[in-house]
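Biologist: Please take a close look at the nonpolar core of this model. I would like to see what surrounds it and what links its parts.

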Amino acid sequence: QVQLVESGGGLVQAGGSLRLSCAASGSIFFINAMGWYRQAPGKQRELVASITSGGSTNYADSVKGRFTVSRDSGKNTVYLQMNSLKPEDTAVYFCNAHIATAGWDYGRDYWGKGTLVTVSS
């Protein structure tokens, strides 16, 4: 089994910073892309940022220049550094990873349970 566990959410004032972490554990053969999604109340889940095994990154337009995604492949961990936070960044943030559990396994998406980020104005 594979588990993704997020940490680092909380309450912060507008303009502040938070750093989210997500560690993958279990029967992991290879992790391809890792990333972060978020879901605000009444809205659909949306991609925030992702990073491939080769280090290529992708960001939602709304967070470009403010958020930075990174990963430590040796620790199977992905991070999201969030700066200049805005009230509209308030959401539950979910970690996502595409993981193969064996050499013959193409892999599939796994999700964390989410961590709440609240940005007050």
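Modeller:

**The core and its surroundings**

This is a predicted model. Its largest nonpolar core has 31 residues. W36, L80, M82 and Y93 have the most contacts inside it. Several strands feed this core: β1 (2–7), β3, β4 (30–39), β5 (46–51), β7 (67–72), β8, β9 and β11 each supply at least two residues. Strand β9 gives the most, with 5 residues. In soluble globular proteins, nonpolar side chains tend to be buried together.

Take M82 as one of the well-connected residues. Setting aside neighbours within four places in sequence, M82 is in contact with G16, S17, L18, L20, R66, F67, Y93 and V117. Y93, on that list, is itself among the residues with the most contacts inside the core.

Next, the disulfide. The model has 1 disulfide. It is formed by C22 and C95, with their sulfur atoms 2.0 Å apart. The torsion about the S-S bond is -80 degrees, and the link of C22 and C95 is left-handed. C22 lies in strand β3 (residues 18–26) and C95 in strand β9 (residues 91–100), so the bond ties together parts 73 residues apart in sequence. Both cysteines, C22 and C95, are buried.

Now the sheet that holds β3. Here 4 strands form an open sheet in the order β1-β3-β8-β7, with antiparallel pairing. The edge strands are β1 and β7, because each pairs on one side only. Neighbouring strands of this sheet are turned by 15 degrees against each other on average, direction ignored. Strands β1 and β3 are joined by 6 bridges and run antiparallel. Within that pairing, L4 stands opposite A24 in β3.

Strand β8 (residues 77–82) includes T77. T77 has 7% relative accessibility and therefore counts as buried. Its side chain reaches the backbone oxygen of K75 at 2.8 Å. Not counting residues up to four places away in sequence, T77 touches C22, A23, M34, S70, R71 and D72. One of these, C22, is a partner in the disulfide.

After β8 comes a loop, and D89 sits in it, between β8 and β9. D89 counts as buried because its relative accessibility is 1%. The side chain of D89 makes a polar contact with the side chain of R38 at 3.0 Å. Leaving aside neighbours within four places in sequence, D89 is in contact with R38, R66, F67, S84, V117 and V119. R66, F67 and V117 appear here and also among the contacts of M82.

V117 and V119 lead to strand β11 (residues 115–120). In a regular strand the side chains alternate between the two faces of the sheet. Strand β11 has a covered face with T115, V117 and V119. Its uncovered face carries L116, T118 and S120.

Strand β11 pairs with two strands named here. With β2 (residues 10–13), the pairing is parallel, over 4 bridges. There, L11 has T118 of β11 as its bridge partner. With β9, the pairing is antiparallel, and 3 bridges join the strands. In this case A91 has V117 of β11 as its bridge partner.

To put the pieces together: β9 carries C95 of the disulfide, gives the most residues to the core, and runs antiparallel to β11. V117 of β11 lies on the covered face, and V117 is in contact with both M82 and D89.

Methods. Residues are numbered from 1 along each chain as its sequence is written. This is a predicted model: local features need pLDDT of at least 70, side-chain atom pairs count only at pLDDT 80 or more; totals for chains, interfaces and linings use all residues. Side-chain values use heavy atoms; hydrogens and water are left out. A disulfide is a pair of cysteine sulfur atoms within 2.5 Å. Buried means under 20% relative accessible area, exposed over 50%, partly exposed in between (1.4 Å probe, protein chains only). A polar contact is a pair of N or O atoms within 3.5 Å; within protein, one must be able to donate a hydrogen and the other to accept it, and residues adjacent in sequence count only if both atoms are side-chain atoms. Contact means heavy atoms within 4.5 Å. A nonpolar core is a set of buried Ala, Val, Leu, Ile, Met, Phe, Trp, Tyr and Cys residues joined through side-chain atoms within 4.5 Å. Axes are lines fitted to C-alpha atoms, for helices over the stretch in contact, and angles run from 0 to 180 degrees between N-to-C directions.
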